[in-house]
Amino acid sequence: QVGFNAQFGSVVVGVEGDLAFPDVSPRATFFSPLNDPSAFRQDLDWFGTARGRAGIAFDQMLIYGTGGVAFGDVTNSVAFLRNTDLAFQYAGRSSDWAVGYTVGGGIEVVLPPSLGKFSLLGQLIGSSSVTIKAEYLYFDLGDKNVLVNPVTGFGVNSFTTNVDIKGHIGRIGFNYRFGA
């Protein structure tokens, strides 16, 4: 994560960007009226945001809202199986970059200067330059049509299925304020 903030009285505005490699793979299984299983898997290999941030500072605490662009590398896999022997009837996969939006908010607090007296690290970096934050983000990278083809000898005709790429992120972290 990297960013820049400016403070005007108690109002703080800024920009920040981040990049993460979350290795998230949500999965879902559904059954048709004939009890045929359908398996869906979505992999988010990397994810980033570029956001604006605005908030109100109270003494050593900042409460803020944030929003901007979200992007990531998303792989969607789909498989439809036959209920009698679980043989694949249809399968499809797509892997693309996706771009959408993110919104959220958080709280950031400056660590007390007294912490610098009790640790070597606090004395070296200046504990009043370190903040701890808790943040929530909602992201929506749109949806993706995945082409699902028949497996030779089992299915007939290709079709598409539509998959949403949305999620929630909660994170806690430390920031270092240069020039503080």
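**Figure 1. Confidence across the predicted model.** The mean pLDDT of this predicted chain is 86. Of its residues, 89% reach 70 or more. Confidence varies by element. Strand β2 (residues 11-20) has the highest mean pLDDT among the elements, at 96. Helix α1 (residues 120-125) has the lowest, at 54.

**Figure 2. Overall layout of the chain.** The chain holds 1 helix and 8 strands. Read from the N terminus, the order of elements is β-β-β-β-β-β-α-β-β. The chain has 180 residues, and 36% of them count as buried. Contacts reach far along the sequence: of those between residues at least 6 apart, 65% join residues at least 24 apart. The accessible surface totals about 10600 Å². Carbon and sulfur atoms account for 63% of that surface.

**Figure 3. The largest nonpolar core.** This core has 10 residues. They are L44, F47, A70, V74, A98, L137, F139, L141, I165 and I169. Four elements give two or more residues each: β4 (37-58), β5 (61-81), β7 (130-150) and β8 (159-176). Strand β7 gives the most, with 3 residues. A second core is separate from this one and has 6 residues. Its members include F80, Y90, V146 and V148.

**Figure 4. Surroundings of L44.** L44 is one of the residues of the largest nonpolar core. Leaving aside neighbours within four places in sequence, L44 is in contact with P22, D23 and V24 among others. Its contacts also include G72, D73 and V74. F139 is another partner of L44. Of these partners, V74 and F139 are listed in the largest core along with L44.

**Figure 5. The F47–F139 ring pair.** F47 and F139 form a tilted aromatic pair. The ring centres lie 4.7 Å apart, with 50° between the planes. F47 lies in strand β4 and F139 in strand β7, so the pair ties together parts that are 92 residues apart in sequence. Both F47 and F139 are buried. Both are also listed in the largest nonpolar core.

**Figure 6. The W46–W97 ring pair and an aromatic cluster.** The whole structure contains 8 aromatic pairs. W46 and W97 make one of them, in an edge-to-face arrangement. Their centres are 5.1 Å apart, and the planes meet at 85°. W46 is in strand β4 and W97 in strand β6, 51 residues apart, and the pair links distant parts of the chain. The two rings differ in exposure. W46 counts as buried because its relative accessibility is 17%, under the 20% cut-off. W97 counts as exposed because its relative accessibility is 65%, over the 50% cut-off. Elsewhere, ring pairs link F30, F40, F80, Y90 and F159 into a cluster. F80 and Y90 are also in the second nonpolar core.

**Figure 7. T66 and G105 on neighbouring elements of the close-up.** T66 is found in strand β5. G105 lies in strand β6 (residues 88-110). The two are 39 residues apart in sequence, yet their C-alpha atoms are 5.5 Å apart. T66 counts as buried, at 8% relative accessibility. A polar atom of the T66 side chain lies 2.8 Å from the backbone oxygen of G52. Beyond four places in sequence, T66 is in contact with R51, G52, R53, T102, V103, G104, G105, E135 and L137. By the same rule, G105 is in contact with Y64, G65, T66, A134, E135 and Y136. E135 appears among the contacts of both T66 and G105.

**Figure 8. F174, an exposed ring on β8.** F174 has its place in strand β8. F174 is exposed because its relative accessible area is 59%, over the 50% cut-off. Not counting residues up to four places away in sequence, F174 touches L111, V130, T131 and I132. F174 and A134 are 40 residues apart in sequence. Their C-alpha atoms are 9.1 Å apart.

**Figure 9. D59 in the loop between β4 and β5.** D59 is found in the loop that joins these two strands. Most residues other than glycine have a negative phi. D59 is not a glycine, yet its phi is positive, at about 55°. D59 is exposed, with a relative accessible area of 75%.

Notes:
Residues are numbered from 1 along each chain as its sequence is written. This is a predicted model: local features need pLDDT of at least 70, side-chain atom pairs count only at pLDDT 80 or more; totals for chains, interfaces and linings use all residues. Side-chain values use heavy atoms; hydrogens and water are left out. A nonpolar core is a set of buried Ala, Val, Leu, Ile, Met, Phe, Trp, Tyr and Cys residues joined through side-chain atoms within 4.5 Å. Buried means under 20% relative accessible area, exposed over 50%, partly exposed in between (1.4 Å probe, protein chains only). Contact means heavy atoms within 4.5 Å. pLDDT is the predictor's confidence in each residue, from 0 to 100. Accessible areas come from the Shrake-Rupley method with a 1.4 Å probe; for residues, only the protein chains shown count as cover. A polar contact is a pair of N or O atoms within 3.5 Å; within protein, one must be able to donate a hydrogen and the other to accept it, and residues adjacent in sequence count only if both atoms are side-chain atoms. Rings of Phe, Tyr and Trp (its six-membered ring) pair if their centres lie within 6.5 Å; planes under 30 degrees apart count as stacked, over 60 as edge-to-face and the rest as tilted.
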